[in-house]
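Thanks for coming. I will take a few minutes to walk through one protein structure for those who have not seen it before.

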Amino acid sequence: MSSTPAQWKSTFEPLAFARQLSTRTAQPPLPLADIQRGICEAATRPLNRATTLPAQAYTSEEFFAWEVTHVLRAGWQCVAHISQVPSPGDFLNLDLLGEPLIVVHGKDAAIRVLSRVCPHRSMDIMPEGFGYDGHTLAEARNGRPDCGHTRLFLCPYHAWTFELDGHLKACPEMHQAEDFCRDNFSLKTFRCEMWLGFIFVNLDGSAPPLAEGLTDMAADLAAFQLDKMKLVIAREWDCPFNWKVLAENFMESYHHLGIHHKTLQPMMPARDTWTEQERRHYVRAHLPYKDTVRDAYRAFEEKGDFSAALPPVLGLSDRQKSEWGLFLIHPTFLLATAPDRVIWYRLQPLGPDRLKLLTTTLLAPEALELPNFEQLHALTTEQLTQFHLEDMEVCTAVQRGLYASGWQPGRLSHLEMPVWLFHRYLAARIRSMWPTDDYAAAPSQRA
Ligand code: FES
Ligand SMILES: [Fe+2]
């Protein structure tokens, strides 16, 4: 069996504690229509009167089922970065919203997202921990349980084999099956689009084309050359909270003042953060460095001494070198850009209060050539883990609050504009629209 490197999966001790304490019964149930009405009411308020959503938007099984159909399966979910499957034959497995998936780099260089469900008798052809090490043709890669390389996919149950494009190549002892045509038994292919090196899937096939709605964002990010970057850190977390609790937490920087007062607030004070105008498919926020941090970073860059920190990505503008950027492509793509790295979170919602999360860091290829790369890699890993642990604690505790009878609707700060925009996106989906389709876009917080 393939082994999982100790550092790949994170054990977060407060989780067990949080689960014990969560009674999950104190909030009265609310019918789906009332939850949706509550979201739409919150979304019609201006930012300076903005409120939180009904608690049941984060706890109701019924609302989660609605989201799975109308928000998550209907939207674009990012499943991998091209550096995870760089060559023909490379593949990556993940389960998303009940779909066992393979992201595969084909012999024809195309990237595909296939179902792992065998069209013979439904076996998941590569469940985690099975399908490598001699069971099939695939070999595990990078010491990871979810990445591999193969020339064919083999279902271990009755040994049907599939090409990398999903077509059935061979199936033993099927010659007596009448009217059996191999072409009718391929692994299912899901709609997929690659954007700036990130591989997205649309499970129900209904989403508008991805790249068309993101041309401004692509221009904004061009200097980072995201498609050339390498994903060098990936850590998986079992999260006992709703996926929206994480998305809201990721996108607002008001909480630098609280939980990140020692880590992020000294670098990027909450009060200086601001959010761009409302857009149809994404949210964009800026987190400028404090002047002293910006000046120190410039001096360090001029000296060219990268013994203790990563150099900035080549070709960034002065503004890009003096702030972090936050991006949310609706519904779940979360990206943070720093001058020297890019942080991407992959979300796999499992239920109203369960989420599998992969936190990752991508670096420019030149960073991997640094003589002290190993040391910088360790430092970067520690930084990613440190501030994420702070977020894990607050998100876990927020979910407990959402279940309690002591819960009450809250008010938002202007620094939580990304949260308000996210709520407006959810309200638009409830109306089967997109943000700004049937109202004027909210303006940017800076001219
Ligand atoms: S279930 Fe896959 S070959 Fe039979
Ligand atoms: Fe945070």
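I will start at the metal site and then go through the backbone, a sheet, a helix and the cysteines. Please keep in mind that this is a predicted model.

First, the metal. The iron ion, ligand 2, has its protein donors in H255, H260 and D391. Each histidine gives its NE2, and D391 appears twice, through OD atoms. These donors lie 2.1 to 2.5 Å from the iron ion. Along the sequence, the donor residues follow the spacing H-x4-H-x130-D.

What is the arrangement of the 4 donor atoms around the iron ion? It is irregular, because the angles they subtend run from 57 to 151°. To count as tetrahedral, four donors would need all angles between 85 and 135 degrees. Water is not among the atoms, so a site may look incomplete.

Let me stay with H260 for a moment. It sits in the loop between α5, residues 243–251, and β13, residues 274–275. Is H260 buried or exposed? It is buried: its relative accessible area is 1%, and the cut-off for buried is under 20%. H255 is buried as well. Leaving aside residues up to four places away in sequence, H260 touches H255, Q265, P266, F387, E390 and D391. Two of the residues in that list, H255 and D391, are also iron donors.

Next, the backbone. As a general point, most residues other than glycine have a negative phi, and most peptide bonds are trans. Here are some exceptions. L97 is not a glycine, yet its phi is positive, about 50°. It belongs to the loop between β2 (90–96) and β3 (99–105), and at 15% relative accessible area L97 is buried. E173 also has a positive phi, about 55°, without being a glycine. Its loop runs between β9 (168–170) and β10 (189–195). E173 counts as exposed, with 67% relative accessibility.

Then there is a cis peptide bond, from H330 to P331, with omega near 0°. P331 is found in the loop between β15 (323–329) and β16 (333–338).

Now to the sheet. Three strands form an open sheet in the order β7-β8-β9, and the pairing is antiparallel. At the edges are β7 (153–154) and β9, each pairing on one side only. Between β8, residues 161–162, and β9 there are 2 bridges. T161 has A170 in β9 as its bridge partner.

On to a helix. How far apart are the end C-alpha atoms of α6, which covers residues 291–303? They are 18 Å apart, and this agrees with the 18 Å expected for 13 residues at 1.5 Å a residue. After α6 comes G304, with a positive phi near 70°.

Last, the cysteines. How many disulfides does the structure hold? The number is 0. Take C78: the closest cysteine sulfur, in C192, is 10 Å away from its own, so the two are too far apart for a bond. C78 is buried, at 6% relative accessible area. For C239, the closest cysteine sulfur is that of C395, at 7.7 Å, which is also too far for a bond. A disulfide would need the sulfur atoms within 2.5 Å. C239 is buried too, with 0% relative accessibility.

That is the tour, and I will take questions now.

Key: Residues numbered from 1 in each chain as written. Chains lettered and ligands numbered in written order. Predicted model: local features only at pLDDT ≥ 70, side-chain atom pairs only at ≥ 80, totals over all residues. Heavy atoms only, no water. Helix = DSSP H or I, 4+ residues; strand = E, 2+ residues; numbered from the N terminus. Buried < 20%, exposed > 50% of the residue type's maximum accessible area, 1.4 Å probe, protein only. Contact = heavy atoms within 4.5 Å. Expected span 1.5 Å × (residues − 1). Pairing = 2+ DSSP bridges. Donors = N, O, S within 2.8 Å, 3.2 Å for Na, K, Ca; no water. Tetrahedral: all angles 85-135°; square planar, octahedral: opposite > 155°, others 65-115°.
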